[in-house]
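Me: I have a structure open and would like to learn how to read it feature by feature. Could you start with a single residue and then build outwards?

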Amino acid sequence: MSYPDSITIASWFGPIRIIPHPDLGRFRPTAKVRGRRRYYRSLHQHAARFAVSPEGWYDHMHWHVDWRGIGNLSWRERHEHLSALFTMFRRLEAEVAAWGEPHQTWLQIDAFDAAQDAVHLHTPNPNGTKFPAEFDGVVGMRPS
């Protein structure tokens, strides 16, 4: 897949494709965020209780932590949401490790929009979606 105006840079875990966005300001929430402590406490509690059912199948199922894009306000907010996202990912990895069926899990972190950060789960499914999912430029990915 080719992206217009994309930049590929090296990182410690492999190449990263960055797509510069001309209007970064549109991803910021417009309202003031009230009750931050309670909001983040609830967010982390939800992430710590995250669970998936081993029955059935998952066709590129994903869960977002920051639907409203609050993480776009500052690094402090982004850090809190990323922390909850990694907690969800660790919980997901621990749960699916006991499954006897093949699966794929991955994180998506968008450099420009915190609302797009997500944890993904993909299994063989009757929809005909290709399993394992392949990503251009990613080496060493294999289903568990």
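Reply: Happy to. Keep in mind that this is a predicted model. Let's begin with accessibility: a residue is buried under 20% relative accessible area and exposed over 50%, with partly exposed in between. His60 has a relative accessibility of 29%, so it counts as partly exposed.

Me: Where does His60 lie, and what is its phi?

Reply: His60 belongs to the loop that joins H1 to strand S3 (61-64). Its phi is positive, about 55°, although His60 is not a glycine.

Me: Let me zoom out. Which elements does the chain have, from the N terminus on?

Reply: There are 2 helices and 5 strands, and they run β-β-α-β-α-β-β. Of the 144 residues, 31% count as buried. For contacts with a separation of 6 or more, 62% come from residues 24 or more positions apart.

Me: Now the helices. How many residues does H1 have, and what does it reach from end to end?

Reply: A good habit is to compare the span with the expected one. H1 has 13 residues and reaches 18 Å from its first C-alpha to its last, close to the 18 Å expected at 1.5 Å a residue. Next, look at burial: Tyr40, Leu43 and Ala47 are buried in H1. Down the helix axis, the buried residues of H1 fall within an arc of 60°, so they line one face. Arg37 and Arg38, on the other side of H1, are exposed.

Me: What covers the buried residues of H1?

Reply: The cover includes H2. That helix has 22 residues and reaches 31 Å between its first and last C-alpha, close to the 32 Å expected at 1.5 Å a residue. The buried residues of H2 include Glu77, Arg78, His81 and Thr87, along with Leu82, Leu85, Met88 and Phe89. As a set, the buried residues of H2 pack against H1, S3, S4 and S5.

Me: Those strands bring me to the sheet. In what order do its strands come?

Reply: For a sheet, read the order and the sense of pairing. Here 3 strands form an open sheet in the order S3-S5-S4, with antiparallel pairing. S3 and strand S4 (104-108) are at the edges with a single partner strand each, so one side of each has no neighbour in the sheet. Neighbouring strands are turned by 20° against each other on average, direction ignored.

Me: Over how many bridges do S3 and S5 pair, and how does H2 sit on the sheet?

Reply: S3 and S5 pair over 4 bridges, in the antiparallel sense. To find the register on screen, look for His64, which stands opposite Ala118 in S5. H2 packs on this sheet and touches S3, S4 and S5, with its direction at about 175° to that of S4.

Me: And the nonpolar core: which residues touch the most other members?

Reply: The largest nonpolar core has 20 residues, and Val52, Trp63, Met88, Leu92 and Leu121 touch the most other members. Helix H1 (36-48), helix H2 (75-96) and strand S5 (118-122) are the elements that give two or more residues to this core. H2 gives the most, with 7 residues.

Me: Let me end on Leu121. What is it in contact with, leaving aside neighbours within four places in sequence?

Reply: Its partners include Val52, Tyr58, Met61, Trp63, Leu92, Val96 and Trp99. Your starting point, His60, is also in contact with Leu121.

Technical notes. Residues numbered from 1 in each chain as written. Predicted model: local features only at pLDDT ≥ 70, side-chain atom pairs only at ≥ 80, totals over all residues. Heavy atoms only, no water. Core = buried A, V, L, I, M, F, W, Y, C linked by side-chain atoms within 4.5 Å. Buried < 20%, exposed > 50% of the residue type's maximum accessible area, 1.4 Å probe, protein only. Contact = heavy atoms within 4.5 Å. Expected span 1.5 Å × (residues − 1). Arc of directions from axis to C-beta. Pairing = 2+ DSSP bridges. Axes fitted to C-alpha atoms, helices over the stretch in contact; angles between N-to-C directions.
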